[in-house]
Amino acid sequence: MSHIQNEDILSYISKKDQVLDLGCGEGDLLELLRDKKSIDGYGIEKDPGNVMNCIQKGLSVFHGDIQEGLSQFPDQSFDTVILSQTLQQVQNPLEVIHEMCRVGKVAIVTFPNFAHWKTRFQLLKGIIPKSDALPYEWYNTPNIRVVSIKSFKRICKKEKIRILHQKAFSSTKRLALPLLHNLCGQRALFVIKKE
Amino acid sequence: MSDYLTKQLSTPITLQCGATLDDVTVAYECFGKLNEAKDNAIMICHALTGDSHVTESVEAPKEGWWNDMVGPGKHIDTNKFYVICSNVLGSCKGSMGPGTINQKTSQKYGLSFPVITVKDIVSVQYQLCIELGIPSLYAVVGPSMGGMQALEWAISYSKYCKRCVVIASSSSLSPQALAFGMVGRNAIISDRSFNEGNYDEEKPKQGLAIARMIGHITYLSKKSITDKFGRKLQEKKEYNYELDSDFQIESYLHYQGDKFVESFDANSYLYLSKALSYFDLSKEYGSLKKAFEKISASMLFISISSDWLYPTEQSKEMARTCMNMNKKVTFCEVESDYGHDSFLIEVDKFGEVIHSFIEREL
């Protein structure tokens, strides 16, 4: 699944682009970028174990917190800034989104959609939702923000951020009908830029 | 018996201050073998008071200053790499410095030795490599002042240097670090035996010991010093109500100071401390960005979480500057409580990062 999603992210990136991947984890996406697009992107990652993995893979990684770091980069210094499956873990998501749009010409954001029907159903039953996209218990989840596709679109509108592309994925495939995205999408992908 | 080899450089070295040094002698040691392609040489640059003996070898079995880092099968593997470490210009561990006899006067240089810079130190290292027949460096690795040398390598000899590892270092000392350096130098200069650098039998031991003590405090962290000594008294349960030492930390610093003066020269300390103070890439090139323009090496910056002498932020700034310039760069902060000295204490933590970085393809 994350494989399909990484391929989708890749489809919005052209060769020779300068790419910054926020919360790059073990560097899977950066590795794909290097192997498939010959792009030496940068990753920012706070977990030391993940940083070591990135170094071993030969990737350029910056050990640190994404929220602390972005202010140091000049406007539009990257072609694409990616925040993949990390939005729900940041303290100030709005600030991060704005910073991404400032530092990057384009920003790509992916996140687990909290409005997926299974999540809604579990909430109706009175329990805290768990799924492939949200695999944690309420007491050990690193996810401190819950966001849905609809809510994300609303905030983009309010903050004058243009949505260039929108995609949603079930656990196995890309969803065709945008109308069903918020209900049937487990994960969402947005390509955005400042208006 | 010395462990090191010496080489007298065949060309004079023109220094940043304008002076020229003839017949520069460099003390150096090599570990491992230079391969046929001559592309496996790693230069290791030592810190302020270090020497060429980075690790033990069959010929020189004494433990080196980075013994757990460098050697056969270790993080910097001498089965694979040819490691060179030379004593810096201005030091007193075999290379030319203020303690060297000036051929023109048949006297020690003393304070007539020209003021040297990190750039001068590196130009001597470069000349050494050339005369050793090394066509390029696989990597340059340096902690602390050695990190400044590594940076200088990456900038001044960009084509020569393929990878650069800068550990617990910066592009210039912070004002706080400058201040500590100045107090150390003043302690030496005010010693009654200093005699404007012309000491012989009676050395300015007290001044040098104080300089070392100050240095040592800056190498430790608040936590490490508290955990190790606290307010414990040395071999007693009650205060003496006298003005001499009571606390363990005092005895420790005295011990460090006394040990140091047996092996280091006061004039060399002055010169190297000054070289540290003068190092400022932004000033020299106009900005950090301009300084880094020529860098083509793949860069690795490592900082230490508890290092307040060379704080993490300084490494981050250098790494971010490289990122803004689209250079290959990695930054990693090592979590350690031992302060600036961590790179000598928790060697494996640094070794793992350095190993991963240097073993990978470019």
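**A walk through the two chains**

In chain B, among contacts with a separation of 6 or more, 69% are made by residues 24 or more positions apart in the sequence. The model discussed here is predicted, and every value below is computed from it. Chain B contains 12 helices and 14 strands. Its radius of gyration is 20 Å, close to the 21 Å that the globule rule gives for 362 residues, so chain B is as compact as a globular protein of that length. Taken along the principal axes, the C-alpha atoms of chain B fill a box of roughly 65 × 50 × 45 Å. Of the 362 residues, 51% count as buried.

The domain assignment divides chain B into domain 1 (5-173 + 281-359) and domain 2 (177-273). Where the two domains touch, domain 1 of chain B provides 23 residues and domain 2 of chain B provides 17 residues. The C-alpha centres of these domains are 26 Å apart.

The interior of the structure may be considered next. In soluble globular proteins, nonpolar side chains tend to be buried together. Here the largest nonpolar core has 153 residues, and those with the most contacts inside it are Ile42(B), Val83(B), Val140(B), Ala154(B) and Cys164(B). Both domain 1 (5-173 + 281-359) and domain 2 (177-273) of chain B give residues to this core, so it lies between them.

One of these core residues, Ala154(B), leads to a helix. Ala154(B) is among the buried residues of α2(B). Leaving aside residues up to four places away in sequence, Ala154(B) touches Val140(B), Cys161(B), Cys164(B), Ile295(B), Ala297(B) and Met299(B). Helix α2 (residues 145-156) of chain B has 12 residues, which at 1.5 Å a residue should span 16 Å; the end C-alpha atoms are 16 Å apart, which agrees. An α-helix has 3.6 residues a turn, so residues three or four places apart point the same way. α2(B) is mostly covered, with 11 of its 12 residues buried. Among them are Met145(B), Leu151(B) and Trp153(B), together with Gln149(B) and Glu152(B).

A second view of the interior is offered by Tyr138(B), which is found in the loop between α1 (118-131) and β11 (139-143) of chain B. Because 21 other C-beta atoms lie within 10 Å, Tyr138(B) is buried. Not counting residues up to four places away in sequence, Tyr138(B) touches Asp39(B), Asn40(B), Ala41(B), Ile42(B), Phe81(B), Lys162(B) and Arg163(B). Of these partners, Phe81(B) is 57 residues from Tyr138(B) in sequence, yet their C-alpha atoms are 8.6 Å apart in space.

Chain A supplies an example of a strand with a partner on each of two pairings. Strand β4 (residues 78-84) of chain A has 6 of its 7 residues buried, so it is largely enclosed by the rest of the structure. β4(A) pairs in the parallel sense with strand β1 (residues 19-22) of chain A over 4 bridges, and in this pairing Thr80(A) stands opposite Val19(A). β4(A) also runs parallel to strand β5 (residues 104-112) of chain A, to which 6 bridges join it. There, the bridge partner of Val81(A) is Ala107(A) in β5(A).

Finally, the two chains meet: 18 residues of chain A are in contact with 19 residues of chain B. On the side of chain A that touches chain B, α3 (48-56) and β3 (60-63) each supply at least two residues. The largest share of that side, 5 residues, comes from α3(A).

Terms used. Residues numbered from 1 in each chain as written. Chains lettered and ligands numbered in written order. Predicted model: local features only at pLDDT ≥ 70, side-chain atom pairs only at ≥ 80, totals over all residues. Core = buried A, V, L, I, M, F, W, Y, C linked by C-beta atoms within 7 Å. Buried ≥ 20, exposed ≤ 12 C-beta atoms within 10 Å, placed from the backbone. Domains from an automatic or database assignment. Contact = placed C-beta atoms within 7 Å. Expected span 1.5 Å × (residues − 1). Rg over C-alpha atoms; globule rule 2.2 N^0.38 Å. Pairing = 2+ DSSP bridges.
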